[in-house]
Amino acid sequence: MYNKLQYISQGESVEEQLYNIHSALDNGCDWIQMRFKHQKPKKAFALAESVKFLCEEYLANFIINDDVHLAKQFNADGIHLGLSDMGVAEARAILGKTKIIGATANTFEDIVKQVNNGCDYIGLGPFKFTKTKSNLSPIIGLDGYRSIIDKMKDSGIEIPLYAIGGITLEDLENLVQTGIHGIAISGIITKSDQKSKLITELNEKLYGNVII
Ligand SMILES: Cc1ncc(COP(=O)(O)OP(=O)(O)O)c(N)n1
Ligand SMILES: Cc1ncsc1CCOP(=O)(O)O
Ligand SMILES: [Mg+2]
């Protein structure tokens, strides 16, 4: 089963991205989504090459945001695709069935569509407002998660669901109770000056008594 905590990288330069990713890995993150938007191909290539190496060293999952061809080129573990990115079926044809394809949803209907197209997990958000992403879809909130997850149960849809968007440690107890599989977070890990403590606490709340 997939790890429960995904760190979505941040940073304006290759160096800043690498610093943030390295310190997330060093402090206990075992899944990195490299998110480096609107960059020249050379820079994205250079970052992907280093992140691939680092994730191998730390035995962490390495997926790439948006760029399926970059993921293919570096034999990354997978890709995360939004509603306006390449479609899941097309990405599957390029990456093959062993790679992880994550897909964004904002509504129950999005989940049905992405699952029918063959994604491996859903990133459902935004949970709350966040400055990390512009042009946010409507905020879902705790009640929204509860009602979407109820609809999934009623329809027999079983797929790992990751909550995303403005999540803090204090949200986790309620979020975990909705039945999510895990979370994808960026800002609070990037900004934390006590990363080891934060990541340990996040993992404790996500895994409960499950031995990892
Ligand atoms: C785990 C996860 N869920 C959702 C997203 C958002 O993807 P997308 O809607 O394509 O937005 P960008 O991240 O590309 O700006 C995600 N990245 N990861
Ligand atoms: C990429 C993305 N998609 C929806 S919210 C979000 C950003 C999540 O980052 P943060 O944890 O800093 O809110
Ligand atoms: Mg995207």
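Mentor: UniProt positions here follow the numbering used for this chain, and an annotation may be inferred rather than shown by experiment. The model itself is predicted.

Trainee: Which residues does UniProt list under "binding site" in the annotation that includes Asp66?

Mentor: The unreviewed entry lists Asp66 and Asp85. Asp66 lies in the loop between β3 and α3 (68-73).

Trainee: What makes these two residues one spot, when they span 20 residues in sequence?

Mentor: No two of their C-alpha atoms are more than 6.3 Å apart, so they gather at one spot despite that span. Asp66 and Asp85 are also both in the lining of the largest pocket.

Trainee: Which residues does the other "binding site" annotation cover?

Mentor: It also comes from the unreviewed UniProt entry, and it covers Gln33, Met34, Arg35, Phe36, Lys37, Asn65, Thr104 and Lys133. From that set, the lining of the largest pocket takes in Gln33, Arg35, Lys37, Asn65, Thr104 and Lys133. Asn65 is found in strand β3 (residues 61-65).

Trainee: How do you know which contacts between Lys37 and ligand 1 are polar contacts?

Mentor: The cut-off for a pair of N or O atoms is 3.5 Å. A side-chain N or O atom of Lys37 is 2.6 Å from an oxygen atom of ligand 1, so the pair qualifies. For Asp85 the distance from a polar side-chain atom to a ligand 1 oxygen is 2.9 Å, and for the side chain of Thr104 it is 3.0 Å; these pairs therefore count as well. The protein covers 92% of the 420 Å² of accessible area that ligand 1 has on its own.

Trainee: What else is around ligand 1?

Mentor: There are 16 residues around it, and Gln33, Arg35, Lys37, Asp85 and Thr104 come nearest. By class, that shell has 4 nonpolar, 7 polar and 5 charged residues. The space taken by ligand 1 is the largest pocket. The elements giving two or more residues to its shell are β1 (5-8) and β6 (121-124).

Trainee: Where does ligand 2 sit?

Mentor: Ligand 2 sits in the largest pocket. The test is that more than half of its atoms lie within 2 Å of the pocket's grid points.

Trainee: What makes the Thr132 pair with ligand 2 a polar contact?

Mentor: A side-chain N or O atom of Thr132 is 2.4 Å from an oxygen atom of ligand 2, and the limit is 3.5 Å, so it counts. Thr130 offers a polar side-chain atom at 2.6 Å from a ligand 2 oxygen. Gly187 uses a backbone N or O atom, at 2.7 Å from an oxygen of ligand 2. Of the 370 Å² of accessible area that ligand 2 has on its own, the protein covers 90%.

Trainee: Why are 6 residues in the shell of ligand 2 counted as polar?

Mentor: Ligand 2 is surrounded by Arg35, Thr130, Thr132, Lys133, Ile164, Gly165, Gly166, Ile185, Ser186 and Gly187. Glycine counts as polar in this scheme, so Gly165, Gly166 and Gly187 join the threonines and the serine. The shell also has 2 nonpolar and 2 charged residues.

Trainee: What makes the bond between Gly125 and Pro126 stand out?

Mentor: It is a cis peptide bond, with omega about 5°. Pro126 has its place in the loop between β6 and α6 (141-155).

Trainee: What is notable about phi of Asn75?

Mentor: Phi is near 50°, a positive value in a residue other than glycine. Asn75 lies in the loop between α3 and β4 (78-81).

Note on methods: Residues numbered from 1 in each chain as written. Chains lettered and ligands numbered in written order. Predicted model: local features only at pLDDT ≥ 70, side-chain atom pairs only at ≥ 80, totals over all residues. Heavy atoms only, no water. Near = heavy atom within 4 Å. Polar contact = N/O pair within 3.5 Å; in protein donor to acceptor, adjacent residues only side chain to side chain. Areas by Shrake-Rupley, 256 points an atom, 1.4 Å probe, with all protein chains shown as cover. 1 Å grid on protein atoms, 1.4 Å probe; cavity = no way out; pocket = protein on both sides within 12 Å on 5 of 7 lines; lining within 4 Å. Helix = DSSP H or I, 4+ residues; strand = E, 2+ residues; numbered from the N terminus.
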